[in-house]
Amino acid sequence: MLPPVIIEPEQKEATATVGDFIDIVVDEVLGTTISTDDSDVLELYQARQDGDAMVFPGARALAAGEAAISVTLAARSA
């Protein structure tokens, strides 16, 4: 299994091959959501807690093409 494509907070573009997983690095994992303009190209995975581990939001490339991912960051507590 190949490592995922990592998208850092300041990054605006990335390239993935069909079958690749994409991890989106965010400061606040819980409460962050993502969406895409083309679910035929990307299957999304929302941020979540899995036991003690925090799992970044991400996607899997399903087909060739271009798709945008929109990231809505979690509200920070005061």
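## Rings and pockets: worked exercises

The structure holds one aromatic pair. Keep in mind that this is a predicted model.

**Exercise 1.** Work out whether the pair of F21 and Y45 is stacked, edge-to-face or tilted.

*Solution.* Start with distance: the two ring centres are 6.3 Å apart, and rings pair if their centres lie within 6.5 Å. Next, look at the angle, which is 35° between the planes. Planes under 30 degrees apart count as stacked and those over 60 as edge-to-face, with the rest tilted. So F21 and Y45 make a tilted pair.

**Exercise 2.** Find which strands the pair links, and decide how exposed each ring residue is.

*Solution.* F21 sits in strand β2 (residues 21-24), while Y45 belongs to strand β4 (residues 42-45). They're 24 residues apart, and the pair links distant parts of the chain. Now for exposure: buried means under 20% relative accessible area and exposed means over 50%. F21 has 33% and Y45 has 30%, so both count as partly exposed.

**Exercise 3.** Describe the lining of the second largest pocket.

*Solution.* This pocket has a volume of about 220 Å³. Its lining takes 14 residues, and F21, I22, D23, V55 and F56 lie nearest the centre. Strand β2 gives the most, with three residues. By class, the lining has eleven nonpolar, one polar and two charged residues.

**Exercise 4.** Do the same for the largest pocket.

*Solution.* Here the volume is about 780 Å³. The lining has 31 residues, with I7, K12, E13, A14 and I69 nearest the centre. β2 and β8 (69-72) each give two or more residues to it. Sort the lining by class and you get 20 nonpolar, four polar and seven charged.

Definitions and conventions
Residues are numbered from 1 along each chain as its sequence is written. This is a predicted model: local features need pLDDT of at least 70, side-chain atom pairs count only at pLDDT 80 or more; totals for chains, interfaces and linings use all residues. Side-chain values use heavy atoms; hydrogens and water are left out. Rings of Phe, Tyr and Trp (its six-membered ring) pair if their centres lie within 6.5 Å; planes under 30 degrees apart count as stacked, over 60 as edge-to-face and the rest as tilted. Helices (H or I, at least four residues) and strands (E, at least two) are DSSP runs, numbered from the N terminus. Buried means under 20% relative accessible area, exposed over 50%, partly exposed in between (1.4 Å probe, protein chains only). On a 1 Å grid over the protein atoms alone, a cavity is a set of points where a 1.4 Å probe fits but cannot get out, and a pocket is an open set with protein on both sides within 12 Å along at least five of seven lines; lining residues have an atom within 4 Å of a point. Grid points are joined across faces, edges and corners, and a volume is the space filled by probe spheres set on the points. Ala, Val, Leu, Ile, Met, Phe, Trp, Tyr, Cys and Pro count as nonpolar, Asp, Glu, Lys and Arg as charged, and the others, Gly among them, as polar.
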